[in-house]
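Biologist: Before accepting the labels attached to this structure, I should like to hear the reasoning behind them. May we take them one at a time?

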Amino acid sequence: MRKEELPVVTEMKKKIDDEDFWVFYDGNDKLPGSKFSPLLASKDRNCLVSSPENQVDMGALDDKVVGLYFSANWYPKCQQFTQVLARVYKQLRDKGASFEIVFVSADEDLEAFDGYRATMPWLAIPFSNLDLKKNLNRRYDIEGIPSLIILQPGDEDEAAVRYDGVELVYRYGARAFPFTREKLKQLGDEEKERHERQTLVNLLTNRSRDHVLSNSSSKQVTVASLVGKTVGLYFSAQWCLPCLKFTPRLVTVYHNIKQSLANEHGKDFEIILVSSDHDRSMFDSYFSAMPWLALPFGDPTVKTLTKYFDVQAIPCLVIIGPDGKTLTKHGRMLINLYLERAYPFTREQLESLEKEIEEEAKKFPRTETHEGHPHELTLVSQGSGGGPFICCTCDEQGSGLGYLCLECGYEVHPKCVKPVCKHDTGC
């Protein structure tokens, strides 16, 4: 059983100004022709809908990049992404980009479909066309929503289909258009170059601020004074229940790391809160219980860092090394797995810890039974099919070593296993 982190995107993205999705598009890019009727038309209908009263001929998709948007009103993540996608769509259409979206609904009834579709500025497959929607789900192997499949005009090559449209929109906004290999490579190269030029100072400062906040009497700490330290950027918020659960653990680990480095010359560790709280009172209340530093509430750098590190869920802990370069964006998982032993979060340290886990695995039986679970559990590690998981017994995150049910995905920490007595061996 695996649980996802609480999405932060709506909390951050709904505050984004139009300029954040600005796209420099001069309308001169010529896209090859395309015919989507064989894909989206049915034997009874050859049109899409833009409202309950208006039907649009399938030819409206010709010569356009088309996004098939699999979504439903009953799922909060879909509602959150729809708001972000609508901003990107408007920016692209206002600039004359040849782009259209077709909503493929997973809503439960017509009323829900009509209400949800009314929030969308694009086209939709009629709710009654159930067979077509099922065929599209099968064709593109849709396992979860929201999902945005990007189709290129005139290109029937399966390799040209993008299955990661949601991720691309979250990551690049309108700049991802037209979602071609060439465009995405360009964006990737630009992103790589920015990360290579990254320093702690250019990450955390702006024209009007060269400091971060402290709960100590000094109240402010210059970013320059943090250069040379290992720094964790803690994306979090008081309204986020997983954050409230993780923060006390992080506080303990923070104190333990600081204590272990007390006599280590030239080594230090710091954390900076990057808050997505709704108002200053929530921020002040949350930050007051933290022993580390914070970016000021509402500072524009919060939004910049969220986009720069592609933070789509909180809590998230990004670790910056002493040289100002990113060590990992998976600090939360590493803290949950190794606690303070994860420091200094370098590849060498993590490889050493992984080897220790592999050695530890040899002490446990290969299979185990667990009280209250009907199937046999198999011991897995990162080297044998394991990975991050939420323990089904203690509800804490784990990774690297666990007992997994190969039949249903149930997974527990080795320490949480309650073996079932076998009659032939006694208790």
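Modeller: In this predicted model, helix α3 (residues 76–94) packs against α6 at an angle of about 65 degrees, and their axes are 10 Å apart.

Biologist: What makes the crossing of α3 and α6 left-handed or right-handed?

Modeller: A crossing is left-handed if the near helix is turned anticlockwise from the far one by less than a right angle. The crossing of α3 and α6 is left-handed.

Biologist: Which residues of α3 and α6 meet?

Modeller: From α3, Gln80, Phe81, Val84, Leu85 and Val88 meet Val166, Val169 and Tyr170 of α6. Sorted by class, this contact comprises 7 nonpolar residues, 1 polar residue and no charged residues.

Biologist: Why is helix α6 called mostly covered?

Modeller: Of the 8 residues in α6 (residues 165–172), 6 are buried. A residue is buried when its relative accessible area is under 20%. The buried residues of α6 are Gly165, Val166, Leu168, Val169, Tyr170 and Tyr172. Just after the helix, Gly173 has a positive phi of about 65 degrees.

Biologist: Positive phi values also interest me outside glycine. Is Asp141 buried or exposed?

Modeller: Asp141 has a relative accessible area of 54%. The cut-off for exposed is over 50%, and Asp141 is therefore called exposed. Asp141 lies in the loop between α5 and β7, and its positive phi is about 50 degrees although it is not a glycine.

Biologist: Why is Asp310 called buried?

Modeller: Its relative accessible area is 17%. Buried requires under 20%, so Asp310 falls in that class. Asp310 is in the loop between α11 (300–308) and β13 (313–314). Its phi is also positive, near 55 degrees, in a residue other than glycine.

Biologist: Why does Pro248 count as partly exposed?

Modeller: Its relative accessibility is 47%. Partly exposed covers the range between under 20% and over 50%, so Pro248 belongs there. Pro248 lies in helix α9 (residues 241–260). Its C-alpha atom is 9.4 Å from that of Ala289, a residue 41 positions away along the chain.

Biologist: Which value of omega accompanies the cis peptide bond between Ile145 and Pro146?

Modeller: Omega is about 0 degrees for that bond. Pro146 is in the loop between α5 (130–139) and β7 (147–151). The peptide bond from Phe177 to Pro178 is cis as well, with omega near 5 degrees. Pro178 is found in the loop between α6 and α7 (181–196).

Conventions:
Residues numbered from 1 in each chain as written. Predicted model: local features only at pLDDT ≥ 70, side-chain atom pairs only at ≥ 80, totals over all residues. Heavy atoms only, no water. Buried < 20%, exposed > 50% of the residue type's maximum accessible area, 1.4 Å probe, protein only. Helix = DSSP H or I, 4+ residues; strand = E, 2+ residues; numbered from the N terminus. Axes fitted to C-alpha atoms, helices over the stretch in contact; angles between N-to-C directions. Contact = heavy atoms within 4.5 Å. Nonpolar A, V, L, I, M, F, W, Y, C, P; charged D, E, K, R; others polar.
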